[in-house]
Amino acid sequence: MEESPSCKRGLWHVIEMAKKHNKLTMRGSSGLRCRFNSLMVVIIATFIIVFVSVTTKNDDGRNRFWHDATTVFPGAAEAETCDLFAGKWVFDNLTYPLYSERRCKFMSDQSACEKFGRENLRYQNWRWKPHGCDLPSFNATKLLERLRGKRLAFVGDSLNRNQWISMVCLLDSVLPDYMKSMETNGSLISFKAKEYNASIEFYWAPLLVESNSDDPVHHRVPDRIIRAQSIEKHARHWMGADILVFNSYLWWRRDKMKVLWGSFDDKDSIYKDIEILRSYEMAFRTWAEWLEFHVDHTKTKLFFMSMSPTHFWGDEWGIDSGQNCYNETEPISKEGYWGRGSDKEMMRVVESAIFGLKERGVKVQMLNITQLSEYRKDGHPSTYRKQWEPLTKEQLANPSSYADCIHWCLPGVPDVWNELLYTYILFR
């Protein structure tokens with residue numbers, strides 16, 4: 001009897017594979033062969049489906065850092081989970097702001113928008129409301145108790161410093177003057193809560209790895225250079241911290257980065273311009289390796305802040321393309337709004353590094369502040385900040401030309417970043 005054409009067409013590859021491995025006898029009736037081959041196809045098809053399913057789950061796991069933020073609060077049932085990073089901003093002038101700009105002893109002139117003339121202060125009154133839950137109320141005393149005898153260190157660029165100042169101001173209000181101090185040692189600034197023997201620190205490392213932009217004051221250089229495989233110069237200052245909060249994005253926003261092999265002091269060192277995603281990946285590989293081999297994973301909690309968005313292009317939210325965050329006083333209401341200043345490919349580089357660490361037993365918690373901050377075009381200093389250089393006549397005639405649409409007014413958006421951090425430190 002001749003095998004049916006459909007059996008031949010559908011099973012040809014399986015039969016050939018089975019022949020090669022001597023796993024299928026070709027004797028016996030044709031009908032029996034076809035039924036046996038059909039069974040083989042079902043088994044292999046099932047295997048393929050399972051394999052694809054597992055692969056897909058793994059891929060989802062790798063790409064869930066920006067969305068998987070469910071948390072269970074104390075006293076809640078296990079099923080009562082909430083994605084803290086998906087929600088909306090709610091105007092709340094009863095509980096916000098959480099502190100006073102003028103009363104925060106350590107406020108920065110880069111963030112003191114009220115001090116520098118901003119009259120519309122609604123930016124201070126917005127509360128982040130995740131869908132389906134509320135963030136736990138920030139309790140400075142509880143956090144200080146958790147930090148007793150410990151070091152909390154923020155490591156990164158001026159956006160991370162923005163968040164650090166926010167944290168200092170959040171804690172400052174519950175500490176009498178004689179129980180707090182500020183110390184500066186090069187790139188390291190430490191806020192001390194003496195009664196608790198706690199240190200809340202910021203370390204300037206805008207590119208994480210060693211670079212020619214590492215001076216905490218004089219870092220505006222036209223041609224940025226990194227030593228992509230060198231991080232120890234910085235990392236020795238973080239060594240032993242109990243909680244590390246990293247960020248690094250804005251200083252990478254260019255087409256290429258100059259990478260150095262060798263020393264800055266060696267005239268024979270090799271320099272090469274490398275496409276930005278590749279150089280970003282090189283730096284994060286070095287960062288990840290340091291965390292893997294130099295951090296006590298049973299003691300230290302690790303966090304990475306996703307990129308802080310900018311609001312430079314008004315056409316993104318429906319105004320003239322030549323305008324930016326200048327004079328903006330309300331958040332963007334369109335859910336899911338995403339500005340072109342936030343690079344998802346760079347996000348995936350960080351995501352990949354964190355996923356690789358997870359596979360090697362190192363937990364780094366991603367705090368996805370990007371989407372929630374995208375809505376806050378109203379929260380930047382704009383022109384209401386200290387100007388480090390005299391403004392030109394042209395700038396004065398066009399205020400949007402010198403508006404700061406990168407950093408954030410305080411009190412403001414970074415306070416919510418710290419509320420999220422607080423939630424993870426106390427409840428996760």
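A cavity is a set of grid points where a 1.4 Å probe fits but cannot get out.

**Figure 1. Enclosed cavities in the predicted model.** By this rule, the predicted model holds 2 cavities of 30 Å³ or more. The largest cavity has a volume of about 160 Å³, and the second largest has a volume of about 40 Å³.

**Figure 2. Close-up of the largest cavity, of about 160 Å³.** The lining comprises 20 residues, of which Asn247, Met305, Ser306, Met307 and Ser308 lie closest to the cavity centre. At least two lining residues come from each of three elements: helix H4 (158-172), strand E14 (301-305) and helix H7 (344-359). By residue class, the lining of the largest cavity divides into 13 nonpolar, 6 polar and 1 charged.

**Figure 3. Close-up of the second largest cavity, of about 40 Å³.** The residues Tyr96, Pro97 and Leu98 line this cavity, together with Tyr123, Gln124, Asn125 and Trp126. Pro411, Gly412, Asp415 and Val416 also belong to the lining of the second largest cavity. The lining of this cavity divides into 7 nonpolar, 3 polar and 1 charged residues.

**Figure 4. Confidence of the prediction, with views of two stretches where the pLDDT is below 50.** The protein averages a pLDDT of 86, and 81% of the residues score at least 70. Over residues 44-72 the pLDDT is below 50, and this stretch makes 39 contacts in the model beyond near neighbours in sequence. Residues 74-79 also have a pLDDT below 50, with 3 contacts in the model beyond near neighbours in sequence.

Note on methods. Residues are numbered from 1 along each chain as its sequence is written. This is a predicted model: local features need pLDDT of at least 70, side-chain atom pairs count only at pLDDT 80 or more; totals for chains, interfaces and linings use all residues. Side-chain values use heavy atoms; hydrogens and water are left out. On a 1 Å grid over the protein atoms alone, a cavity is a set of points where a 1.4 Å probe fits but cannot get out, and a pocket is an open set with protein on both sides within 12 Å along at least five of seven lines; lining residues have an atom within 4 Å of a point. Grid points are joined across faces, edges and corners, and a volume is the space filled by probe spheres set on the points. Helices (H or I, at least four residues) and strands (E, at least two) are DSSP runs, numbered from the N terminus. Ala, Val, Leu, Ile, Met, Phe, Trp, Tyr, Cys and Pro count as nonpolar, Asp, Glu, Lys and Arg as charged, and the others, Gly among them, as polar. pLDDT is the predictor's confidence in each residue, from 0 to 100. Contact means heavy atoms within 4.5 Å.
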